[in-house]
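Here is a short report on packing and charge pairing in one protein chain. Keep the model open while reading.

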Amino acid sequence: MQAITVRDRDAGAGGLSLTDMPHPHAAENDVIVRVHAAGFTPGELDWPGSWSDRAGRDRTPSVPGHELSGVVAELGYGTTGLTVGQRVFGLADWTRNGSLAEYTAVEARNLAPLPADVSHTVAAALPISGLTAWQGLFDHGRLTTGQTVLVHGAAGGVGSIAVQLAREAGARVIGTGRAAGRDTALGLGADIFVDLQNDRLEDIGEVDLVFDVLGGEILDRSTALVRAGGTLVTIAAPPRIQPENGRAVFFVVEADRVRLADLVQRVRDGRLRLVVGDVRPLSEVPEAFVGSGRRARGKTIIQVAEN
């Protein structure tokens, strides 16, 4: 099969190449998925799991990408709950070969059934962004009706979903980002948009929850906005500054089949819109990694096979 692989950690996106790889093996409780569409995270080549397995052993050449949508091609021993030929979508393991390949092995529990009326392209944009938004807002942030949430990167992949979920939950939503994202964030339900380049972040006032995807100086400055008893949640890095009278949480998204099924139902109902950007073939993954680092609008999806 063909796959995108990396061998040289120092080469970055320049080390990505389209190569021939052996067909993956289905371990116990695995399925082999014929990948139709895949998503990636631009910074994942910096993650330890992209280069080593759970025991810390080198596993190069490795296949990046962790979001996928496709069709079950093979069942591993003991696998239940899915069938050959079934449409599925979900998350590949952080420390195993990923989704930028024609076939990949995935634990069955990390996949959810994909309804026939949702395209593989849309489904591949949902797992990381959707689960991260939900877990950040509700599992870690404990957001409830009537509270105010500040969502950084409100027009991005995670932030755009967080805005919609928070709004549906009855929260007041303040979105931030670059000026070009204003219309997107407001159109998705943000009550207010703050341009981080031209507006004063501190003028927002206190909020119950800060949901950060940016890190750095913005994360540091956001700490002072958390009201007593509130929470700062970030996926960028462990916070260097703690809220004076609140909590700070750094987390890494976890696979959740039940929540994926709930999120895709929201897509079907029209309650959740995904911002999909470029759709490119497997051969253009190296260029796509570089382009995503330039803040392209919407999530870039790799079409591996025809739908």
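What follows covers the nonpolar cores, then the salt bridges.

**Nonpolar cores**

This is a predicted model. In soluble globular proteins, nonpolar side chains tend to be buried together. The largest nonpolar core here holds 41 residues. Its members that touch the most others are Phe 89, Leu 126, Leu 137, Leu 143, Val 149 and Leu 165. Several elements each supply at least two residues of this core. Among them are strands β5 (87-91), β8 (148-151) and β11 (207-212). Helices α2 (127-140), α3 (157-168) and α6 (257-269) do so as well.

Phe 89 merits a look. Beyond its neighbours within four places in sequence, Phe 89 is in contact with Leu 68 and Ser 69. Phe 89 also contacts Asn 110, Leu 111, Ala 112, Pro 113 and Leu 114. Its other contacts are Ala 123, Leu 126, Pro 127, Leu 260 and Val 264.

A second core is separate and has 29 residues. Val 6, Ala 38, Phe 40 and Ala 288 are included in that core.

**Salt bridges**

Side chains of opposite charge can pair when their charged atoms come close. The count of salt bridges comes to 19. Three of them are set out below.

| Pair | N to O distance |
|---|---|
| Asp 93 and Arg 54 | 2.3 Å |
| Arg 54 and Glu 107 | 3.8 Å |
| Asp 191 and Arg 167 | 2.7 Å |

Arg 54 pairs with Asp 93 and with Glu 107. Asp 93 forms its bridge to Arg 54 across distant parts of the chain, 39 residues apart. Asp 93 sits in the loop between β5 and β6 (103-107). Arg 54 sits in the loop between β3 (30-39) and β4 (67-75).

Are these partners buried or exposed? Asp 93 is buried, at 12% relative accessible area. Arg 54 is exposed, at 62%.

The bridge between Arg 54 and Glu 107 also spans the sequence. Glu 107 lies in strand β6 and Arg 54 in the β3 to β4 loop, so the pair ties together parts 53 residues apart. Glu 107 is buried, with a relative accessible area of 18%.

Asp 191 and Arg 167 meet in another salt bridge. Asp 191 lies in the loop between α4 (182-187) and β10 (192-195), and Arg 167 in helix α3, so parts 24 residues apart in sequence are tied together. Asp 191 is partly exposed, at 37% relative accessibility. Arg 167 is partly exposed too, at 42%.

Which residues are linked in a network of salt bridges? They are Glu 168, Arg 259, Asp 262, Arg 266, Asp 269 and Arg 271.

Note on methods. Residues are numbered from 1 along each chain as its sequence is written. This is a predicted model: local features need pLDDT of at least 70, side-chain atom pairs count only at pLDDT 80 or more; totals for chains, interfaces and linings use all residues. Side-chain values use heavy atoms; hydrogens and water are left out. A nonpolar core is a set of buried Ala, Val, Leu, Ile, Met, Phe, Trp, Tyr and Cys residues joined through side-chain atoms within 4.5 Å. Buried means under 20% relative accessible area, exposed over 50%, partly exposed in between (1.4 Å probe, protein chains only). Helices (H or I, at least four residues) and strands (E, at least two) are DSSP runs, numbered from the N terminus. Contact means heavy atoms within 4.5 Å. A salt bridge is a side-chain nitrogen of Lys or Arg within 4 Å of a carboxyl oxygen of Asp or Glu.
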